[in-house]
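Here's a quick briefing to read alongside the model. It goes topic by topic, so feel free to jump around.

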Amino acid sequence: MFDLNASEWQMMDGGYRRPYDASTIIRSLEISVQPKQDFWDEVWNKLYHQHDVGVASYAVMPWLLKIYTEKNWID
């Protein structure tokens, strides 16, 4: 799992195959009291585009699991 302060986040491609720093949305999710629709809109728009994903899309996954598990958001 990449540290959220790691510079690698800035070089990872999202769903558009362009660099997208997904650490910013992970940080916003960490401080949320509940998952918000605008978070998921950004995930779908930036990390998944017409069935394309990038390295950032995969790097976000362990963070999603960690946050959702810690906050007991998994139903």
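A quick definition to start: helices here are DSSP runs of H or I with at least four residues, numbered from the N terminus. Keep in mind that this is a predicted model. With that numbering, helix 3 is the element that gives the most to the lining of the largest pocket, with 5 residues.

**The largest pocket**

- The largest pocket holds about 180 Å³ of space.
- Two elements give two or more residues each to its lining, namely helix 2 (37-47) and helix 3 (55-70).
- If you want to select the lining, take Trp40, Val43, Trp44, Leu47, Tyr48, Val53, Ser57, Tyr58, Val60, Met61 and Leu64.
- What does that lining look like by class? It comes out as 10 nonpolar residues and 1 polar, with no charged residues in the mix.

**Helix 1 against helix 3**

- Helix 1 covers residues 23-30, and its axis comes within 10 Å of the axis of helix 3.
- The two axes cross at roughly 0 degrees. Angles under 35 degrees count as roughly parallel, so helix 1 and helix 3 are roughly parallel to each other.
- On the helix 1 side, the contact is made by Ile26, Leu29 and Glu30. Helix 3 answers with Val60, Trp63, Leu64, Lys66, Ile67 and Tyr68.
- Sorted by class, this contact has 7 nonpolar and 2 charged residues, and no polar ones.
- Val60 and Leu64 turn up twice in this briefing: they line the largest pocket and also take part in the contact with helix 1.

**The salt bridge**

- How many salt bridges does a search of the whole structure find? Just 1.
- Its partners are glutamate 70 and lysine 66, with the closest N and O atoms 3.0 Å apart.
- Both partners lie in helix 3, where glutamate 70 and lysine 66 are 4 residues apart, or about one turn of the helix.
- Lys66 has a second role here, as it is one of the helix 3 residues in the contact with helix 1.

**Backbone spots to check**

- Arginine 17 has a phi near 65 degrees, which is a positive value in a residue other than glycine. Look for arginine 17 in the segment before helix 1.
- Asparagine 72 also has a positive phi without being a glycine, with a value near 55 degrees. This asparagine 72 is in the segment after helix 3.

Technical notes: Residues are numbered from 1 along each chain as its sequence is written. This is a predicted model: local features need pLDDT of at least 70, side-chain atom pairs count only at pLDDT 80 or more; totals for chains, interfaces and linings use all residues. Side-chain values use heavy atoms; hydrogens and water are left out. On a 1 Å grid over the protein atoms alone, a cavity is a set of points where a 1.4 Å probe fits but cannot get out, and a pocket is an open set with protein on both sides within 12 Å along at least five of seven lines; lining residues have an atom within 4 Å of a point. Grid points are joined across faces, edges and corners, and a volume is the space filled by probe spheres set on the points. Ala, Val, Leu, Ile, Met, Phe, Trp, Tyr, Cys and Pro count as nonpolar, Asp, Glu, Lys and Arg as charged, and the others, Gly among them, as polar. Axes are lines fitted to C-alpha atoms, for helices over the stretch in contact, and angles run from 0 to 180 degrees between N-to-C directions. Angles under 35 degrees count as roughly parallel, over 145 as roughly antiparallel, 65 to 115 as roughly perpendicular and the rest as oblique. Contact means heavy atoms within 4.5 Å. A salt bridge is a side-chain nitrogen of Lys or Arg within 4 Å of a carboxyl oxygen of Asp or Glu.
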